[in-house]
Amino acid sequence: MRMKYVLTEVMVGLWRNVTMTIAMIITMAVSLFMLGGSGLLYQKVSDMKDLYYDNIQVSVFLKTDVKPEQRTELETKLKGDSLVKTVDYVDKDEAYKRFQQMYQDAPDLVNAVKPDQLPESFRLTLVNPEQYKQIYSQYKDVEGVDEIVDQSKLLDKVFGVLSGIQTFALAISIVMAIAALLLVANTIQVAAYSKRREVAVMKLVGASNWFIQAPFVLEAVVAGVIGSLFGLVALIAVKTLGGGGSLSALEGLISPISWGDIFLVFPLMAGVGAVVSAVTAWVTLRFYLRV
């Protein structure tokens, strides 16, 4: 009987303040959508950072007039360096083949460059790619070395943009979450005020605070869960509609977000929506019932 009463009061309470309930659900949906989206983006960028950094190479380009003994001495030194995992030597012919593959869509450029014009190089894979500066400082002045290029310098700019998007999405979700909290607190206060006589009677007959608060808390929880469902629908819509549009340009930078990723993040969205709504409603009622 008590459970039936509580559930009935939940449905009545949601319908009694339908306008504020809708506003609360929409605000919660937007904040949870932003939270879920930023979480997915954060995960994918982190995964791609690990993948890119595992495959980053440092290119040590040699001077065109490098002597064989200088090249051999440098190769021996590189292979004995504890910071270096692997060393690959690229001669002029191999460099020209890679150049042809890289610029195969620009035949005029390829025809204008001769194999002798491309420098020899050593391609290094580091034990820790973040130690590039140490490699640079050790070998920049070595005889025969012309230039040292690190791919991570280019990737850092890309990751900087993606990290900025992460931060922006997370900041928006936090702002929307605060708005949702205020709406939840206001809705619960209005609902409790509209039932103030019933609450007073229940307190007089000895009803526990839990029994009085349960319908209001469950109202907030239901609104939070419904908001998370709308947030999930929004994520599905973004993937469906944006997959072949402007968002497809990101697929070359980060691994694509799968349907499994989206549905796995939903429990987090629903959990956050339910817990935050419940805690906010409970704290609001604790202050209200003391009055």
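Lys79 makes a convenient entry point to this predicted model: at 54% relative accessibility, Lys79 counts as exposed, because the cut-off for that class is over 50%. Lys79 forms a salt bridge with Glu75, and the closest N and O atoms of the pair are 3.2 Å apart. The two residues sit four residues apart in helix α3, so about one helical turn separates them. Glu75 is partly exposed, with a relative accessible area of 23%.

A search of the whole structure finds two salt bridges. Besides the pair within α3, the side chains of Arg71 and Glu120 meet in a salt bridge, at 3.2 Å from N to O. Arg71 belongs to helix α3 (residues 68-79), whereas Glu120 lies in the loop between α5 (107-112) and β3, so this pair ties together parts that are 49 residues apart in sequence. The partners fall into separate burial classes: Arg71 is partly exposed, with a relative accessible area of 21%, while Glu120 is buried, with a relative accessible area of 10%.

Glu120 also figures in the surroundings of Lys92, a residue of helix α4 (residues 92-102). Lys92 is buried yet has no salt bridge, and the nearest side chain of opposite charge, that of Glu120, is 5.0 Å away. That distance does not qualify, because a salt bridge requires a side-chain nitrogen of Lys or Arg within 4 Å of a carboxyl oxygen of Asp or Glu. What does the side chain of Lys92 reach at 3.2 Å? It is the backbone oxygen of Leu118. Leaving out residues up to four places away in sequence, Lys92 touches Pro115, Asp116, Leu118, Pro119 and Glu120.

The wider architecture helps to place these details. The chain holds 10 helices and four strands, and from the N terminus on its elements run α-α-β-α-β-α-α-β-α-β-α-α-α-α. Of its 291 residues, 37% count as buried. Contacts along the chain often span long stretches of sequence: among those between residues at least 6 apart, 85% join residues at least 24 apart.

Turning to the nonpolar interior, the largest nonpolar core has 22 residues, of which Val184, Ile188 and Leu235 touch the most other members. Helices α2 (18-55), α7 (152-194), α9 and α10 each supply at least two residues of this core. The most comes from α10, which gives eight residues. Leu235 offers a closer look at the packing: beyond its neighbours within four places in sequence, Leu235 is in contact with Phe33, Gly37, Leu40, Ile262, Val265 and Met269. A second, separate core comprises 17 residues, including Val84, Val87, Tyr132 and Ile148.

The UniProt record, an unreviewed entry, carries the annotation "transmembrane region" for residues 21-42, 168-193, 214-242 and 262-285. Two of these spans can be compared with the model directly. Residues 21-42 are 100% helix and 0% strand, and the end C-alpha atoms of this span lie 31 Å apart. Residues 262-285 are likewise 100% helix and 0% strand, with end C-alpha atoms 34 Å apart.

Two loop positions complete the picture. Pro256 is found in the loop between α9 (209-242) and α10 (259-290). Is Pro256 buried or exposed? With a relative accessible area of 53%, Pro256 is exposed, because that value lies over 50%. Apart from residues up to four places away in sequence, Pro256 touches Lys44 and Asp261. Pro256 and Lys239 are 17 residues apart in sequence, and their C-alpha atoms are 9.8 Å apart in space.

Gln131 occupies the loop between β3 (121-126) and α6 (132-139). Gln131 is partly exposed, with a relative accessible area of 22%. Not counting residues up to four places away in sequence, Gln131 touches Leu83 and Leu126. The C-alpha atoms of Gln131 and Val84 are separated by 9.7 Å, although the two residues are 47 residues apart along the chain. Val84 is itself among the members of the second core.

Definitions and conventions. Residues numbered from 1 in each chain as written. Predicted model: local features only at pLDDT ≥ 70, side-chain atom pairs only at ≥ 80, totals over all residues. Heavy atoms only, no water. Buried < 20%, exposed > 50% of the residue type's maximum accessible area, 1.4 Å probe, protein only. Contact = heavy atoms within 4.5 Å. Core = buried A, V, L, I, M, F, W, Y, C linked by side-chain atoms within 4.5 Å. Lys, Arg positive; Asp, Glu negative; His and termini not counted. Polar contact = N/O pair within 3.5 Å; in protein donor to acceptor, adjacent residues only side chain to side chain. UniProt positions renumbered as here; feature names shortened; annotations may be inferred.
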